Amino acid sequence: MRQFTVEKTASRGIAAAPAYLYQEPDLSAETDCITEEQEENEILLFEKAKISVSDELNLLAEKNDIFAAHLEIAEDFTLSEGVLSRIRNEHKNVQLALQETVEELALIFDSMEDAYMKERAADIRDVGKRFMAQLKGTQRPDLAEISQEVIVVAKDLFPSDTVKMNPKYIKGIITEEGGITSHVSIIARSMGIPALVGVGKLLDSLQNGIEVCMDAENGVICIEPDHDILREFQEKQEQFEKRQAYLEELRNQPAVTRDGKKISLCANVGNLEDIERALPMNLDGIGLFRSELLYMENDHFPSEEEQFQVYKAAAELCPQELTIRTLDIGGDKELTYFDFDKEENPFLGWRAIRISLDMKDVFKAQLRAILRASAFGHVRIMFPMIISLEELRAAEELTTQCMEELEQEGMDFDRNIEIGMMIETPASVMLAEEFAKEVDFFSIGTNDLTQYLLAVDRGNRKVADRYSYFHPAVVKAIAAVIAAGHQEGIKVGMCGEMAGDPNATLLLLDLGLDEFSMSAGNLDYIREKILSL
């Protein structure tokens, strides 16, 4: 018997079944260069593959919203232009041109600090694999054909693999790579399949059919368990299923502590599909709509109208509250269609509200779109990375200008729209009392705040163990912000990872936090915790 302990639980649950080793065919590109006479033939091959991939994704999108986003990637101008440019200008064959273009786009997301944004690279690579399989005439393994109970073990999986799984037979998923915010993890959670991701090298120590037990509640993998261990896991599985049924029943109850304190439970989302997945959790609203994804998945700065349609749809889906964070690019978030100057310390550089205030036309297009969408629900505007009253007032002045323009144009909008700001820098903590006099709400971003307060890059393995939002300095900062907000009668929420950590719930309630916003998968557990305190 061999046992491993891992950290990344993507989908909670307990499972025991034989291992099914999932291995993809070779989808690497041919590296031959082509002549000028061959260019048109390679372009024709790409166009044919694009039609086939689009047809496949159209069918999948009817069953799962994730593939609507994949369809957008497949038909995106940036992908096509990158491939065609490499064929025409660099004389690369279509396979090599595709491989390089996909990897270039994926690396933009891969290099980001934000886990949610980072995992979007997997979606781009998934679409790339679909194209490459078409170009090479290769069939990828079909997990839909599995007809006996197994735990799938793979180097990594992609949404197009996972969506075919039948929960009747796929009892668990273990991957060497991947993250908890990937679409594979999201699909696994929606199907109720336990999943552990990013577990490191495991395939070399496994063979098809070897018995595997996994505890995706506590991050434990057991290979070739004895009879007693196997029975223990089966008992754990029964207990887990009972608890899940209990948690689903709790969704009917508002999050109110035993002494009557009502807490708002909200979700962090990046697009409309995320909202639709969060709605069954009986949430109180969207505490963070990451508007930058709309910019990053495009080949141009989205127009006012393009943004309005998305924000309006979001407001109609979740009318109780939709907090839209204005554009937060820079740092580790780049755009394919805009060149950022090379910066030595990008996290301390030109990013978020600084970019918006310097690019006023882009900022005003977004503000007008948000204001127009406010006619369709309880929409709130939230500014990121504010460090001074001057920045805040400049952003508010532009918002007022947009309101006056819309008024003159006869456009409907919420004239009393709430305007708030992220508290995610030491400066915003120190000035919280002043800021609280000028905004309608605060939202504490513990990811950046912890990093900046402790001078610790959580992506740096050498110092990552020093990154902790339970550090006394971080806790004191949170306490000061909540106190400053309440002194001025404004609500204080949190949209960083700490809000979704059940180990932090009691502390945050004790400090007086009003709103917890988190990944939808954590809502049931935080609700249960709040109801018990």
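**Figure 1. Asn282, a partly exposed loop residue.** With a relative accessibility of 36%, Asn282 counts as partly exposed, because that value falls between the 20% limit for buried and the 50% limit for exposed. Keep in mind here, and in every view below, that this is a predicted model. To find Asn282, look in the loop that runs between α10 (272–278) and β10 (285–290). The backbone has a twist worth a look: phi of Asn282 is near 55 degrees, a positive value in a residue that isn't glycine.

**Figure 2. Met385, another loop residue with a positive phi.** Here we're in the loop between β12 (379–383) and α15. Met385 isn't a glycine, yet its phi is positive, at about 60 degrees. Is Met385 buried or exposed? Met385 has a relative accessible area of 2%, so it is buried.

**Figure 3. The whole chain, for orientation.** Before more close-ups, let's step back. The protein chain holds 21 helices and 16 strands. Along the principal axes, its C-alpha atoms fill a box of roughly 70 × 60 × 45 Å. A compact globule of 533 residues would have a radius of gyration near 24 Å, and the chain agrees, because its own value is 24 Å. Of the 533 residues, 55% are buried. Take the contacts with a separation of 6 or more: 67% of them join residues 24 or more positions apart. As for the outside, the chain exposes about 23,400 Å², with carbon and sulfur atoms supplying 47% of that area. There are 54 positive and 98 negative charges, and the mean positions of the two sets are 4 Å apart.

**Figure 4. Inside the largest nonpolar core.** This core has 123 residues, and the ones with the most contacts inside it are Phe289, Phe383, Phe442 and Phe516. Which helix gives the largest share of this core? That's α4 (residues 94–110), with nine residues. Apart from this core lies another one, of 19 residues, including Ala19, Val153, Ile174 and Leu196.

**Figure 5. Phe383 and its surroundings.** Zoom in on Phe383, one of the residues with the most contacts inside the largest nonpolar core. Leaving out neighbours within four places in sequence, Phe383 is in contact with a list of residues that includes Thr326, Ile353, Phe363 and Leu367. Further along the chain, its partners include Leu392, Ala395, Glu396 and Thr399, as well as Ile419, Gly420, Met421 and Met422.

**Figure 6. Helix α21, mostly covered.** Helix α21 spans residues 523–531, and eight of its nine residues are buried. Those are Leu523, Asp524, Tyr525, Ile526, Arg527, Glu528, Ile530 and Leu531. What do the buried residues of α21 pack against? Their partners are two helices, α9 (227–250) and α20 (502–511), along with two strands, β9 (264–269) and β16 (515–518).

**Figure 7. Asn503, out in the open on α20.** Asn503 sits in helix α20. Its relative accessible area is 66%, so Asn503 is exposed. Asn503 and Lys529 are 26 residues apart along the chain, and their C-alpha atoms are separated by 9.2 Å.

**Figure 8. Arg140, a buried charge-bearing residue in a loop.** Arg is counted as positive, and this one lies in the loop between α6 (120–136) and β4 (150–154). Arg140 counts as buried because its relative accessibility is 15%. What does Arg140 touch, setting aside neighbours within four places in sequence? Its contacts include Glu24, Pro25 and Leu27, then Asp126, Lys129, Arg130 and Ala133, and also Phe158, Ser160 and Asp161. From C-alpha to C-alpha, Arg140 and Leu27 are 9.3 Å apart, although 113 residues separate them in sequence.

**Figure 9. Asp412, an exposed loop residue.** You'll find Asp412 in the loop between α15 (389–408) and β13 (418–423). With a relative accessible area of 52%, Asp412 is exposed. Neighbours within four places aside, Asp412 is in contact with Leu371, Arg372 and Ala375. The C-alpha atoms of Asp412 and Ala373 are separated by 8.8 Å, with the two positions 39 residues apart along the chain.

**Figure 10. Asn460, a partly exposed stop between two helices.** Asn460 belongs to the loop between α18 (446–454) and α19 (472–487). Its relative accessible area is 32%, so Asn460 is partly exposed. The C-alpha atoms of Asn460 and Gly489, which are 29 residues apart along the chain, are separated by 39 Å.

Methods:
Residues numbered from 1 in each chain as written. Predicted model: local features only at pLDDT ≥ 70, side-chain atom pairs only at ≥ 80, totals over all residues. Heavy atoms only, no water. Helix = DSSP H or I, 4+ residues; strand = E, 2+ residues; numbered from the N terminus. Rg over C-alpha atoms; globule rule 2.2 N^0.38 Å. Buried < 20%, exposed > 50% of the residue type's maximum accessible area, 1.4 Å probe, protein only. Contact = heavy atoms within 4.5 Å. Areas by Shrake-Rupley, 256 points an atom, 1.4 Å probe, with all protein chains shown as cover. Charge placed at Lys NZ, Arg CZ, Asp CG, Glu CD. Core = buried A, V, L, I, M, F, W, Y, C linked by side-chain atoms within 4.5 Å.
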